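I set out to record how one pair of helices packs and which residues line the pockets. My entries follow the structure shown here.

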Amino acid sequence: MGEMNKKYLIDTKENENFLKEIRENLFSFGHKFPSPGGGSYYLGDDGTPWTDRNRETWITSRMIHVYSLGTFLGHPGSEELVDAGLKGLTGELHDKVNGGWYAGLTANNEILPTKQCYAHAFVILAASSAALAGRPGAKELLDEALKLYDLRFWNEEEGLSCDTWNTEFTVLDDYRGLNANMHTVEAFLAAADVTGDEKYRVRAGRIIDRVLVWAGENNWRIPEHFTKDWIADLDCNKEQPDDQFKPYGATPGHGIEWSRLITQWTLSTYKEDKQSASRYLEAAENLYCRAVEDAWNADGAPGIVYTTDWEGKPVVHDRMHWTLAEAINTSAVLFHVTRKQKYAADYTEFMQYLDEKVLDHVNGSWFHQLDQNNNLLDTVWPGKSDLYHAMQATLIPYYTADLSIAPAVKNGKTL
């Protein structure tokens, strides 16, 4: 096999070097994200800030997480970038009257009027990573974020989190969603790893148990949208199937992402208990295999379709960069955990597709949205909102699967 192809193969020096090169390009690409107040600007295709766009809490949090990883990896300027983002989360994006974090601010500094579970989960992730990096104020931010989350979003009785409040935390929206709960699992695992408080790992398991029941009832396609009583709303947004945060149908990228998070939770929870672990690992494999079977090369061109109906037929054919990033992560993790060659073969295909279609070889980032024929689209994700999925995909394949990525990278827990 030629040098060119070897860089797509897992566990080769060539592949590690390829990912390192992508990683350095990503780190360099994102340097201009901080606004004067610290909230993250949306970046254009060349990394130039789009100052007329909203500055959002979830994006700011992701960039703090990314450059916290940069501090562990020695990327120059990372500390200052983390501190700039933290200034945003403790300053302009923080609601000092009602507590918590605004969804974001407009270009004119008007408040975006909701309090999102999704955004608050990312504040926890950001604060965990920044605290691990020893950045000033990060530990206090983490304590505050966890306390606020426990108060407003976590429902101990249901073992799940609600979704959206009004700004004052007086009116709770009836919508319940699994996207916010998925990122809550990620945030809780990070919080448990960083603080040592295992109650967050237990909670992550409670969310996972609920999700696996719903997935099992739907042939391993995970319902995304629910009523306030947690009844699945399988027809949600059928008329507007490519909604940015609430698309209709199953989202194979989330099936893949859940698979990896379930694997991480399982390995960190059932360290020696192989029997208990095997049930969850089998479920993780089922989720991944269903998603890849439904969505990869589903329409005659390479790529993973964004959504399918409940029979697995593609609905929105666009390819989102985050889905590919998660496919790279999860195929690597499942290969290392199970040693099944199928996952290594998938990883190679994903890597080649990344190189040939999704990497922006000119500007050093990833194209965020491609159409069915892998041409650039900007209907859902114009520009480059953040680097989080892409950055993690350059690291997760080579770090231990039982630990959140920030502590794994900081402690050098490679495979």
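**Helix pair.** I worked from a predicted model. I looked up helices α5 and α6 and noted that they are roughly antiparallel to each other, because angles over 145 degrees count as such and their axes cross at roughly 150°. The axes come within 8 Å, with α5 spanning residues 117–132 and α6 spanning residues 138–152. I recorded the crossing of α5 past α6 as left-handed.

**Contact residues.** I then listed the residues that meet between these helices. From α5 they are Cys117, His120, Ala121, Val123, Ile124, Ala127, Ser128, Ala130 and Ala131. Their partners in α6 are Ala138, Lys139, Leu141, Leu142, Ala145, Leu146, Leu148 and Tyr149. By class, I entered 14 nonpolar residues, two polar and one charged for this contact.

**Largest pocket.** I noted a volume of about 510 Å³ for the largest pocket. Its lining has 22 residues, of which Glu56, Gln116, Tyr118, Phe245 and Lys246 are the closest to the centre. I found that α5 and α7 (178–195) are the elements that give two or more residues to this lining. I classed the lining as ten nonpolar, seven polar and five charged residues.

**Second largest pocket.** I entered about 170 Å³ of space for the second largest pocket. Its lining consists of Glu16, Asn17, Leu19, Lys20, Arg23, Thr394, Leu395, Tyr398, Tyr399, Thr414 and Leu415. I recorded five of these lining residues as nonpolar, three as polar and three as charged.

Note on methods. Residues are numbered from 1 along each chain as its sequence is written. This is a predicted model: local features need pLDDT of at least 70, side-chain atom pairs count only at pLDDT 80 or more; totals for chains, interfaces and linings use all residues. Side-chain values use heavy atoms; hydrogens and water are left out. Axes are lines fitted to C-alpha atoms, for helices over the stretch in contact, and angles run from 0 to 180 degrees between N-to-C directions. Helices (H or I, at least four residues) and strands (E, at least two) are DSSP runs, numbered from the N terminus. Angles under 35 degrees count as roughly parallel, over 145 as roughly antiparallel, 65 to 115 as roughly perpendicular and the rest as oblique. A crossing is left-handed if the near helix is turned anticlockwise from the far one by less than a right angle, and right-handed if clockwise. Contact means heavy atoms within 4.5 Å. Ala, Val, Leu, Ile, Met, Phe, Trp, Tyr, Cys and Pro count as nonpolar, Asp, Glu, Lys and Arg as charged, and the others, Gly among them, as polar. On a 1 Å grid over the protein atoms alone, a cavity is a set of points where a 1.4 Å probe fits but cannot get out, and a pocket is an open set with protein on both sides within 12 Å along at least five of seven lines; lining residues have an atom within 4 Å of a point. Grid points are joined across faces, edges and corners, and a volume is the space filled by probe spheres set on the points.
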